[in-house]
Amino acid sequence: MSFPYSTLMIQGTTSDAGKSTVVAALCRLLKRRGVRVVPFKPQNMALNSAVTADGGEIGRAQALQAIAAGLAPHTDMNPILLKPSSDIGAQVIIHGKVRAEMNARDYHQYKTVAMQAVLESHDRLLQQYDCVMVEGAGSPAEINLRDRDIANMGFAEKVDCPVILVADIDRGGVFAHIVGTLSCLSESERRRTIGFVINRFRGDIKLLEPGLEWLEQQTGKPVLAVLPYLHGLFLDAEDAVQPVQASRGAFRVAVPSMPRMSNHTDFDALRAHPDVDLHFVREGQPIPQADLIILPGSKNTRGDLAWLRAQGWEAHIQRHLRYGGKVIGVCGGFQMLGREVTDPLGMEGKAGVSPALGLLDMATEMSPEKRLMQVQGVCAFGDTQAPVSGYEIHMGVSTGGALATPAFFIEGRPEGALSADGQILGTYLHGLFDTPQAISALLQWAGLNSDNTVDTSALREASLDRIADATQPLLDALIALK
């Protein structure tokens with residue numbers, strides 16, 4: 001089958017309208033039909049990222065979409081990645097590599113340079129694939145960002161591609177979102193909007209039909225599909241932590257939801273485990289009793305360390321350890337477990353030194369070089385040498401006596417640290433729970449003996465197939481529209 005669009009862009013009336021999943025679903029559907037399709041997002045702002053086969057860094061959503069398309073993630077799929085380090089500043093990553101740390105105003109001026117990187121990647125993908133399936137960012141109705149826009153209509157106008165607008169009916173106000181968004185667009189931008197998708201619908205479609213008819217009369221554009229609300233999906237989140245968490249198992253895991261927490265997808269496998277009850281603890285919430293505390297990755301280790309102390313976590317962790325509890329630190333969380341974190345060049349904000357939690361004999365110094373690598377290895381604890389795989393994505397070098405007792409052996413080299421009393425484990429390895437054998441070994445180390453396992457790859461593939469099946473009406477409508 002041929003697909004009538006060489007480039008098609010999916011934009012949303014709001015953030016989290018479902019753009020990422022619609023792109024992933026269309027990629028999976030086209031792959032099934034033999035179309036060489038590739039996902040693309042010109043600019044992404046997210047703290048969840050993935051390491052690519054070509055040694056770069058892209059948004060986690062584009063890595064998921066690549067899996068849907070049957071491809072290895074590549075930096076051209078997300079040429080511009082912004083990783084916020086404060087409310088007004090972010091690390092700017094171009095073609096997978098850190099280019100600079102900029103505040104919002106400086107980056108806005110820099111967008112003319114960034115657009116060239118976007119167009120270069122798009123051109124390369126066009127030469128290799130039948131269809132480039134593009135995801136926008138946020139909403140095209142953000143008037144304050146229209147000048148130099150590279151993420152939504154600015155890109156669509158530059159490459160002259162059609163646009164589908166997605167709106168989330170579960171939020172409410174779906175008709176206002178669509179009509180209001182169109183009213184904020186220029187005439188040429190409205191013309192290139194070929195139709196709408198109403199996402200996350202639940203209920204009787206007959207009750208929605210009068211609204212659909214009104215919408216088409218008001219706008220002169222078709223509603224291409226109404227997609228259902230799907231429960232129980234296992235898909236990598238682009239950024240925000242999902243607010244709903246099922247409490248299932250008896251083994252309690254607590255994760256502080258720090259302001260600059262990164263790659264919280266590390267914990268998706270734990271959330272899916274039937275014997276685990278995992279809670280992200282937000283600011284101001286009481287810290288629950290737990291069997292295991294995990295300090296997650298961070299885009300601003302010293303800033304999140306200060307937040308951790310202000311929320312009372314330091315004293316709670318000390319008490320947790322005194323009563324025999326276990327602690328895992330991942331990446332930035334690993335750095336927090338040492339004696340101090342030094343940032344002489346101000347790589348994550350203001351230069352300086354912060355005393356860390358002092359739980360491991362280790363110190364970390366931030367450096368301009370970022371380590372990006374997909375890795376495989378084995379667990380250094382337990383009796384089985386369980387296989388583990390994942391990726392490293394961090395700035396900073398850690399040194400100290402704690403590293404003499406590693407947590408893992410990664411391709412023959414020692415990695416991470418395990419405390420002498422066996423209560424604390426630290427690692428730079430993201431995705432450490434994703435391998436079925438590794439999650440079993442880690443939970444056993446933490447005190448849970450269970451015959452249940454979680455295969456994140458199988459869960460992800462099943463969810464991609466579910467969203468693809470549900471999105472079939474959209475593909476049919478697109479083909480008929482052309």
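**Pockets, cavities and sheets of the model**

Colleague: What is the volume of the second largest pocket?

Modeller: The model is predicted: local features need pLDDT of at least 70, side-chain atom pairs count only at pLDDT 80 or more, and totals for chains, interfaces and linings use all residues. Residues are numbered from 1 along each chain as its sequence is written, and side-chain values use heavy atoms, with hydrogens and water left out. A pocket is an open set of points, on a 1 Å grid over the protein atoms alone, where a 1.4 Å probe fits and protein lies on both sides within 12 Å along at least five of seven lines. With grid points joined across faces, edges and corners, and volume taken as the space filled by probe spheres set on the points, the second largest pocket has a volume of about 560 Å³.

Colleague: Which residues of its lining are the closest to the centre of the second largest pocket?

Modeller: A residue counts as lining if one of its atoms is within 4 Å of a point. The second largest pocket has 23 such residues, and the closest to its centre are Arg-60, Ile-67, Tyr-391, Asp-434 and Arg-460.

Colleague: Which elements give two or more residues to this lining?

Modeller: Helices (H or I, at least four residues) and strands (E, at least two) are DSSP runs numbered from the N terminus. On that basis, the elements that give two or more residues to the lining of the second largest pocket are strand S4 (49-51), helix H2 (60-68), S21, S22 and helix H13 (456-481).

Colleague: How many residues of the lining of the second largest cavity are charged?

Modeller: A cavity differs from a pocket in that the probe fits but cannot get out; the second largest one has a volume of about 60 Å³. Its lining includes Arg-60, Asp-236, Asp-266, Asp-268, Asp-434 and Arg-460. Ala, Val, Leu, Ile, Met, Phe, Trp, Tyr, Cys and Pro count as nonpolar, Asp, Glu, Lys and Arg as charged, and the others, Gly among them, as polar. The lining of the second largest cavity thus has two nonpolar and two polar residues, while the number charged is six.

Colleague: Which element gives the most to the lining of the largest cavity?

Modeller: The structure holds two cavities of 30 Å³ or more, and the largest has a volume of about 160 Å³. Of its 16 lining residues, Ser-298, Lys-299, Ile-393, His-394 and Met-395 lie nearest the centre. Helix H11 (332-336), strand S21 (363-379) and strand S22 (387-399) each supply at least two residues of this lining. With three residues, the element that gives the most is S22.

Colleague: Which residues are covered by the UniProt annotation "active site", and where does Cys-331 lie?

Modeller: UniProt positions are given in the numbering used here, feature names are shortened, and annotations may be inferred rather than shown by experiment. The unreviewed entry places "active site" on Cys-331 and His-430. These residues span 100 residues in sequence, yet no two of their C-alpha atoms are more than 7.3 Å apart, so they gather at one spot. The lining of the largest cavity includes both Cys-331 and His-430, and Cys-331 lies in the loop between S18 and H11.

Colleague: How far apart are the end C-alpha atoms of residues 252-436?

Modeller: The unreviewed UniProt entry lists these residues as "domain: CobB/CobQ-like glutamine amidotransferase". The span is 17% helix and 40% strand, with its end C-alpha atoms apart by 19 Å.

Colleague: Which strands stand at the edges of the six-stranded sheet?

Modeller: Two strands pair if DSSP finds at least two bridges between them. This open sheet has mixed pairing and the order S15-S13-S16-S18-S26-S25. Each edge strand has a single partner, so one side of each is left without a neighbour in the sheet; the edges are S15 (276-281) and S25 (417-418).

Colleague: Which residue stands opposite Phe-251?

Modeller: Strand S13 (residues 251-256) pairs with S15 in the parallel sense over six bridges. Opposite Phe-251, in S15, stands Val-276.

Colleague: What angle does helix H10 make with S16?

Modeller: Contact means heavy atoms within 4.5 Å. Axes are lines fitted to C-alpha atoms, for helices over the stretch in contact, and angles run from 0 to 180 degrees between N-to-C directions. Helix H10 (residues 313-322) lies across S13, S15, S16 (292-295), S18 (326-330) and S26 (424-427), and its angle to S16 is about 140 degrees.
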